[in-house]
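Here is a short set of exercises to work through with the model open beside you. Try each task before you read its solution.

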Amino acid sequence: MSVYLDVIWMLNFLFDLFLLMLTASLLKRPKVWYRLLLGGFIGSSIILFMFTPLGPFFSHPAGKLFISVLMVWSAFGFVRFKYFLQNWFMFYFSTFALGGGIIGAHYFLQQDSYLTNGILMTQTTGFGDPITWIFVIIGFPLLWLFSAGRGNDVQVKKLQYHEIVQVTAVFGETILPMAGLIDSGNQLFDPITRTPVMIADTDKLTGLLPKALTDKVMSGNILDDAPELEDHWQLRMRIIPYRGVGQQNQFLIGLKPDSLIIKTEKEEINVKKAIIGLSSSQLSADGDFTCIVHPQMLQGTSSAHVS
């Protein structure tokens, strides 16, 4: 029987790419296509190494572990160790789940197959395992539909209480796009006007806001001399007192936007009353969000439905 190595490599490349895409969808990671393609290529290269003097190493569990680490690192990067472990464990979960499905399909269809060096082989064709081809061909469209639906039925990564939303704040000609976490623990109000306060990561807004303002916030000396700003920024400024757990009274510089729009999965909300408090602290170690949305802001006027 002739073995078409290029076709078998392509099958493994597509399957590894599928596993990485499934991992990204389950964890709601951003899909950077060139990184996913690179990860799939690294994973499928194990087929080529099997025909080289390095074959014994890559057929060993240590070699496969090494390849999987390179795959996940290439596809998702290394933000921090916990972030990498989440990606790596979910990748293996997806691999074992689909691998079990393929073995079950072989048993159900009574395909003539066997295991060698931990790789499922078939004696019926030199073009690779037909069951795996079926999984790949059917799986990619299903995964596309699953991703388009944002995985509403599978919530693997739970971020505190609610979802991540898109936030757009407008200050004259300045537009601040942010990813916001809706957190019921945020109950901060302006004590004078009782306006709900959204907390924003100032470091992520550097270059969008006036430098004098961001430098003032990052220095932590909120009550010292006011930053030198243009009049339209001065009129928007508020000083918001707050108290954190185990902390004394502290203050935030707040900005009142001309308009604030929050876009959820189902609707677009025009928030009438809002203040954006500028924090010098990092809000998300993984970079999943850049602001914490006050839950009362969701009670604004729904202006449009998002499909």
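**Exercise 1.** Are F84 and W88 buried or exposed? Work out, too, how their rings are arranged.

*Solution.* Keep in mind that this is a predicted model.
- Start with burial: F84 and W88 are both buried. For W88 the relative accessible area is 16%, and since the cut-off for buried is under 20%, W88 qualifies.
- Next, place the two residues. Both belong to helix α5 (residues 81–109), where they sit 4 residues apart, about one turn of the helix.
- An α-helix has 3.6 residues a turn, so residues three or four places apart point the same way.
- Now look at the rings. F84 and W88 form a stacked aromatic pair, with 6.3 Å centre to centre and 20 degrees between the planes.
- W88 also pairs with F89: the ring centres are 5.8 Å apart and the planes are at 25 degrees, so this pair is stacked.
- Finally, widen the view. The structure holds 6 aromatic pairs, and ring pairs link F78, F84, W88, F89, F91 and Y92 into a cluster.

**Exercise 2.** Compare the span of helix α2 (residues 33–49) with the expected one, then find where α2 is kinked.

*Solution.*
- Begin with the expected value: at 1.5 Å a residue, the 17 residues of α2 should span 24 Å.
- Then check the model. The end C-alpha atoms of α2 are 24 Å apart, so the two values agree.
- Now follow the axis: α2 has a kink of about 25 degrees, centred on G43.
- G43 is among the buried residues of α2, which also include G39, G40, I42 and I46.
- For context, the unreviewed UniProt entry lists residues 32–51 as one of its transmembrane regions, alongside others such as 63–81 and 88–110.
- Try the same check on residues 63–81: the span is 79% helix and 0% strand, and its end C-alpha atoms lie 21 Å apart.

**Exercise 3.** Which residues touch the most other members of the largest nonpolar core?

*Solution.*
- The core has 29 residues, and those touching the most other members are V167, M178, M198, L260, I276, L278 and V293.
- Strand β3 (residues 164–171) gives the most to this core, with 4 residues.
- Take M198 as a worked case. Leaving out residues up to four places away in sequence, its contacts include V167, M178, L260, I276 and V293.
- Apart from this core lies another, of 19 residues, with F15, L19, I46 and F84 among them.
- That brings back two residues from the earlier exercises: I46 is one of the buried residues of α2, and F84 stacks with W88.

Methods
Residues numbered from 1 in each chain as written. Predicted model: local features only at pLDDT ≥ 70, side-chain atom pairs only at ≥ 80, totals over all residues. Heavy atoms only, no water. UniProt positions renumbered as here; feature names shortened; annotations may be inferred. Expected span 1.5 Å × (residues − 1). Bend = angle between axes of the 7 residues up to and from the residue. Buried < 20%, exposed > 50% of the residue type's maximum accessible area, 1.4 Å probe, protein only. Core = buried A, V, L, I, M, F, W, Y, C linked by side-chain atoms within 4.5 Å. Contact = heavy atoms within 4.5 Å. Phe/Tyr/Trp six-rings, centres within 6.5 Å; stacked < 30°, edge-to-face > 60°.
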